[in-house]
Amino acid sequence: MSLPFLRTHCGTVGARMWRDLGLAVLVLLSAAVESNSTSPPGKPVLLSCRSPEKETFTCWWEPGSDGGLPTTYRLYYERERLEGVHECPDYWSAGSNSCFFNKTHTLIWVDYYLTVVASNALGNATSDIFKMDVMEIMKPNVPENVTLLVVETEDSPYLHIRWEHPRNTDTESGWVTIKYELRIKQEKNNKWKEYMSGTQSHFSLYSIAPGGVYTVQVRCKLDHGSWSEWTNSTNVKVPNYVQNERSFWILVATLSAIPFMAAMCILIVKRENVKQCVLPPVPGPKIRGVDFHLLMSGQSEDSTNALIINQNFPLIVGWKDQMEEYLIVTENDIGPPSDASHCQKRKKSLIIPAGFCSDWEIQCKSTHIQNDCAGGTKNETGNFPKNNKSLSGESLSYMEPSKLQKQQCLGQNFVNTEATDPSPLNYDNAVKPFTNSGYVDIRKHVENTQEVNVKQVDYSRVEDVNGDNVFILNNKNLAFNSSGYMDFQRQEEKLSEDYSRVKEVGSNNVVVLQIQDMSADTKNPHATGAHKMGVCTELINSEYIDTIPAPPLM
Amino acid sequence: MPGSIRPVSVVWVVLVCLLFCSRLLSVGAAPICTNAQAGCHALSLANLFDRVIQHSARMHGISNDLHSEFEQYFLPSKNQIGRVSRNCHTSTIFTPNGKENAQRMARQELTEVILKLLVAWRDPLWHFHQSIAHHHDFNNFSANKALEMSDMVHELRKGVEKVAEKMQMMGIISNSVSSLASPEALLPSDSAEWRLMKDYDLLYCFRRDSNKVQNYLKILKCRIVPEHGC
């Protein structure tokens, strides 16, 4: 058990011993080395040569180790077309470890072979041969006196940069050609912008930002040589020119704001007009036959009346001047109107005054009643509804509600007999279709009349309606009660023209006229009398048969 | 109506064309002549100098580029530097190697030196181009450059001759320049030296000589017509 232990123990002891021995040897050797510090110098290295103006040049080398002894360095050169080896003429002008060749020793376009020899007491060391031609080692000094100037013109300022050629370079004899390059940086971004200046020693930079700070650097090169170093940065701050522009823009803004404000004020003041102009009122929906306003007024009977009234009986309130009206005269195959008693059937005849269109389309058409609602019977009379060529009920809607309410009458000029049939629709039953109908153009002679409602008209009561025939029975004037009918004035003065009453309507489209005293009853109004219906119709029209001087139609 | 317009318009067009053509022909390409003959557009001496200087600068640039390309492919030649000084075939021509020497030289001499150099390089460059064109190692770009170089030498020589003529006319240099009459007399008798040179050495020598030509021209110009760009 103890044997292996002893063996390892012995092993470790041996290793340690050897280690100590090695250490001792090393120490001895190092001591020996240190004591022996002298050695030949290390090999120097020629770094570079440089000619700043193509007239002189300088070469630099790096020394190797000096071997612990003082070492001297010598530069030797051989030159093309020159016999022998020569030494550097000037070791000191350009600093340590350098050789400066002045003008007399510098030749262009010839090869130089340079070597540096380091020597100390123990030996020499020679560098490699360095071949060079002055033409190839040109690198000028930096340009000098870089000045920046901000030139302020009316339109826009620009930056003017000037500099001078580097020191010692001769630019006048043409021996060297210097080319410049500059770079400019704005303070904000880190990017340089480079510009070539050629052989000029000034440069102008346009479109500079006011308030910006510019940094400029310049460098140059000779002929085809290397570029010099950049000059130190030169800064300039461009003054702010915004004030002039700003005041100008403030003035412009103020001047343009005044009319703008005025326009806005006008718009606000007149906003209703503007609203009407821009957003015209949309006509509301209308139901045919229903008077919306009556409904809105709220009274039930009124609304009922409105509904009923407006269905079939539009109101005609007054005359229209120079309105053409048609008296529907049909062939009477039944007999003279005096025999109206025979006429059982009754037909509503629609003598529709001009400007009046009733709703009785069907009936009208069936009865061949043509209503020529000629003439725009607008509101001259004020009461006639608008004309339609067709007997449509739209006229109802054009009725002025005031008139409607006032009179509450049916404006339809239809002929009723005494029969008090309330429902206008019942007339259909009693109506005989016209066999043949013609029209007599009845010219009104109410030119002088301006008032619509106040006309002197004579009404004749219709005795009988036989089919399509209308029988005007007599010419007695109807007595009008004052229940809302219009007054009819006699307009005798208008009776200058000859008007005749229709006495009878003969066959073969013959109208028998009744010549009578014009002083009275010349008019043959054909209007509805008073109804005994709840509704009354007031027709204000009177038709006149214009009698031509010729004998009346017979 | 249209029928009468058409011949009128044709006639008008023809007239306009004739007018323009006559104007073009009259202005035309007036030949540049150094002596003020009638019908020539005479250039000033400064202008002539500028032209030849630009020309020589371009020539030197091309030779520089070619030399750099050669150096990439033919480095071994650099390793053989030793102390073998390259003998360019133009080394017999005495050329000033410094600024003072060049400034001290007479204008006439300087002009002669320039012309000698240019003459001496006409044939070698042509052969250089031929050898490059047939060499497999070079691309067409290099061959084109070599051809351009040899053409430029030829044209530059003519330009410098014109400049010399103008200077003689203006009395700047004397007329006793017999070399100008027969440039071939300038060549040294042993002019076949260049055939022994390698391509790379030829290029190296020409690069140097084109720089000399450019420099000498600039010195001449700044000495004779210094007002513009010196």
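The legends below describe close-up views of a predicted model.

**View 1. Chain A, overall fold.** Chain A holds nine helices and 23 strands. Of its 554 residues, 45% count as buried. Among contacts in chain A with a separation of 6 or more, 69% join residues 24 or more positions apart.

**View 2. Surface of chain A.** The exposed area of chain A comes to about 29,600 Å². Carbon and sulfur atoms supply 55% of that area.

**View 3. Contact between chain A and chain B.** The two chains bury about 2,500 Å² between them, and 48% of this buried area is on carbon and sulfur atoms. In chain A, the residues that lose the most area to chain B are Trp109(A), Trp175(A) and His224(A); together they make up 27% of what that side buries. The contact takes in 26 residues of chain A and 29 residues of chain B.

**View 4. The second largest cavity.** The model has six cavities of 30 Å³ or more. The second largest cavity encloses about 60 Å³ of space. Its lining draws on both chains: Glu80(A) and Arg81(A) come from chain A, while Cys88(B), Thr90(B), Ser91(B), Arg208(B), Asp209(B) and Lys212(B) come from chain B.

**View 5. Residue classes in the lining of the second largest cavity.** Five of the lining residues are charged, two are polar and one is nonpolar. The charged residues are Glu80(A), Arg81(A), Arg208(B), Asp209(B) and Lys212(B). Thr90(B) and Ser91(B) are the polar pair, and Cys88(B) is the nonpolar residue.

Note on methods: Residues are numbered from 1 along each chain as its sequence is written. Chains are lettered from A and ligands numbered from 1 in the order in which they are written. This is a predicted model: local features need pLDDT of at least 70, side-chain atom pairs count only at pLDDT 80 or more; totals for chains, interfaces and linings use all residues. Side-chain values use heavy atoms; hydrogens and water are left out. On a 1 Å grid over the protein atoms alone, a cavity is a set of points where a 1.4 Å probe fits but cannot get out, and a pocket is an open set with protein on both sides within 12 Å along at least five of seven lines; lining residues have an atom within 4 Å of a point. Grid points are joined across faces, edges and corners, and a volume is the space filled by probe spheres set on the points. Helices (H or I, at least four residues) and strands (E, at least two) are DSSP runs, numbered from the N terminus. Buried means under 20% relative accessible area, exposed over 50%, partly exposed in between (1.4 Å probe, protein chains only). Contact means heavy atoms within 4.5 Å. Accessible areas come from the Shrake-Rupley method with a 1.4 Å probe; for residues, only the protein chains shown count as cover. Buried area is the accessible area (1.4 Å probe) that two parts lose on being put together, summed over both.
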